[in-house]
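The following note sets out points for a colleague's consideration, in numbered form. Please read it alongside the sequence and the coordinates.

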Amino acid sequence: MKNVTGLRCVICQKVYQPDEVLYVCPDHGNEGILEVEYDYEAIKSEIGDTLPDASEGMFAYRPFLPVADDIPAPPLVVGGTPLQEAPRLAQAAGVAELWLKDDGRNPTASLKDRASAIAIMKAQELGAEIVTTASTGNAAAALAGMAASVGQKTVIFVPASAPAAKIAQLLVYGATVLLVEGTYGDAFDLCLQASDKFGWYSRNTGYNPYMAEGKKTVTFELYAQLSQQRAADAPPVTHLFVSVGDGCIISGVHKGLRDLAATGFLPQVPQIVGVQAAGSAYLYDAWVNEEDVLTKPPIAANTVADSISAGLPRDRIKAMTAVRQTNGAFITVSDEQILAAIPALAQGSGVFAEPASAATYAGFLKAVQTGLIGPDARVALILTGSGLKDVTSAMKSVGQAVTIPPEITAVERIFNHL
Ligand SMILES: *Cc1c(COP(=O)(O)O)cnc(C)c1O
Ligand SMILES: [Zn+2]
């Protein structure tokens, strides 16, 4: 926390001290999301000339994080997820390089662990008895897991339609789970009301200013790993693809780039491409039509990729900035393309991704097909969640397995046919 200089409102640009305000700008309500600002010289002198190694996880980058020195990181180790090159997929798509940052390999199997680790530490700083969040599933599972690792109580609001595996995680970790008969937006509003009423600490995305700070560590790790795994004279990566629901991950990825640039660790600013489901394309629409996201009304979101189903993206202002400032783009993919991307990505790389994560690969393919990126592109995909989170959707995109009696003749019959 010692390197934090203030919290700046994304609407009025007013800067608050961290002890002045808990979540959002008092003058701008729930839209007045705050951005954490740092003393980069202090960070730089703490870190030195090399970006810390990614293998130790997200807290290797602690000088960049808004947490008090005396609060320990949760024992469940977050981050340090693998970066792997995918040469077969790169060749098939016709790009120079393709890298996969597999954040499904976090302790609760999604990138949300990075934010929830920070939430638990902030709750400890404040001595909060209960931490709450609304979630499409993964943020909640991450919060419940981190909370369990330190013995913290949680109350979780998720849409009743959330995939079974995500609800199972919540219950197994011992969270108090409220299945809301409504959308994620309904769950979000209800959770904010409850946290106000009962004084619970709120982890909500695009509301709590510290969540994007946790998520930005994926960018630090990515660049540390790229510099280790690529030749020293390799030209910089040109594009980062990330799927977008509320827009907090893309904002965090962008914040990570700005932090790296400010401390001299970024070789070149890549273009950020935000991938949205066609049925939940609030930000894509706003970007294409140059609409003001402060006044654009919510849409009715409907997609198989539950983790990016958001009728009113909470972090829409920062998400739009991430794409605009990096000269990037938004792109949409259909549910069919998302489902088809699950086995295509798995078979081309070994990474099994949930729909919202595979959407990133689907968006990459579409960007190649539409000429948004060309043969010189050197691309990294942020893969956000494990395929085991939603097996029902995964099964929709693969054929049935063959059932046979336990007899060799049955095997022969099949292979003689082939
Ligand atoms: C939350 C989530 C996203 C989208 O992140 P936002 O911050 O809501 O844009 C994408 N993929 C997975 C697996 C997620 O859990
Ligand atoms: Zn403000």
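1. The site of the zinc ion (ligand 2) is tetrahedral, with angles of 101 to 118° among its four donor atoms. For reference, the ideal angle for four tetrahedral donors is 109.5 degrees. The model is a predicted one, and the geometry described here and below is that of the prediction.

2. The four donors to the zinc ion (ligand 2) are the SG atoms of Cys9, Cys12 and Cys25 and the ND1 atom of His28, at 2.1 to 2.4 Å. Along the sequence, the donor residues follow the spacing C-x2-C-x12-C-x2-H. Cys9 belongs to strand S1 (residues 4-9), while Cys25 is in the loop between strand S2 (15-16) and strand S3 (34-38); the pair therefore ties together parts that are 16 residues apart in sequence.

3. The cysteine donors may also be described by their accessibility. Cys9 and Cys25 are both buried, and for Cys25 the relative accessible area is 0%. Cys12, by contrast, has 32% relative accessibility and so counts as partly exposed, since that class lies between the 20% and 50% limits. The structure holds zero disulfides.

4. Turning to charged pairs, a search of the whole structure finds 18 salt bridges. As background, side chains of opposite charge can pair when their charged atoms come close. One of these salt bridges is formed by the side chains of Glu37 and Arg8, with an N to O distance of 2.5 Å. This pair links distant parts of the chain, with Glu37 in strand S3 and Arg8 in strand S1, 29 residues apart. Glu37, at 23% relative accessibility, counts as partly exposed, and Arg8, at 28%, is placed in that class as well.

5. A second pair of interest is Glu97 and Arg230, whose side chains meet in a salt bridge at 2.8 Å, N to O. Here too distant parts of the chain are linked: Glu97 is in strand S5 (residues 97-102), and Arg230 is in the loop between helix H8 (217-229) and strand S10 (239-243), 133 residues apart. Both Glu97 and Arg230 are buried.

6. The side chains of Glu213 and Lys216 likewise meet in a salt bridge, at 2.6 Å from N to O. Glu213 and Lys216 are both buried. In addition, Lys101, Asp103, Arg114 and Glu221 are joined into one network by salt bridges that share partners.

7. Is helix H8 largely enclosed or open to its surroundings? Ten of its 13 residues are buried, so H8 is largely enclosed by the rest of the structure. The buried residues of H8 include Thr217, Val218, Phe220, Leu222, Tyr223 and Leu226. Glu221, a member of the salt-bridge network noted above, is also among the buried residues of H8. From its first C-alpha to its last, H8 reaches 18 Å, close to the 18 Å expected at 1.5 Å a residue.

8. Thr108 is situated in the loop between S5 and helix H3 (113-126). At 1% relative accessibility, Thr108 counts as buried because the limit for that class is under 20%. Which residues are in contact with Thr108, leaving aside its neighbours within four places in sequence? They are Asp113, Ala141, Ala142, Gly145, Gln169, Tyr173 and Lys389. The C-alpha atoms of Thr108 and Asn138 are 8.1 Å apart in space, and the two residues are 30 apart in sequence.

9. Two backbone torsions merit inspection. In general, most residues other than glycine have a negative phi. Glu290 nevertheless has a phi near 50°, a positive value. Glu290 is located in the loop between helix H10 (282-288) and helix H11 (316-325), and with a relative accessible area of 69% Glu290 is exposed.

10. The second torsion is that of Asn327, whose phi is near 60°, again a positive value in a residue other than glycine. Asn327 is found in the loop between H11 and strand S12 (329-333). With a relative accessible area of 57%, Asn327 is exposed, because the limit for that class is over 50%.

Notes. Residues are numbered from 1 along each chain as its sequence is written. Chains are lettered from A and ligands numbered from 1 in the order in which they are written. This is a predicted model: local features need pLDDT of at least 70, side-chain atom pairs count only at pLDDT 80 or more; totals for chains, interfaces and linings use all residues. Side-chain values use heavy atoms; hydrogens and water are left out. Donors are N, O and S atoms within 2.8 Å of the metal (3.2 Å for Na, K and Ca); water is not among the atoms, so sites may look incomplete. Four donors count as tetrahedral if all angles lie between 85 and 135 degrees; four count as square planar and six as octahedral if opposite donors are over 155 degrees apart and all others between 65 and 115; anything else is irregular. Helices (H or I, at least four residues) and strands (E, at least two) are DSSP runs, numbered from the N terminus. Buried means under 20% relative accessible area, exposed over 50%, partly exposed in between (1.4 Å probe, protein chains only). A salt bridge is a side-chain nitrogen of Lys or Arg within 4 Å of a carboxyl oxygen of Asp or Glu. The expected span of a helix is 1.5 Å times one less than its number of residues. Contact means heavy atoms within 4.5 Å. A disulfide is a pair of cysteine sulfur atoms within 2.5 Å.
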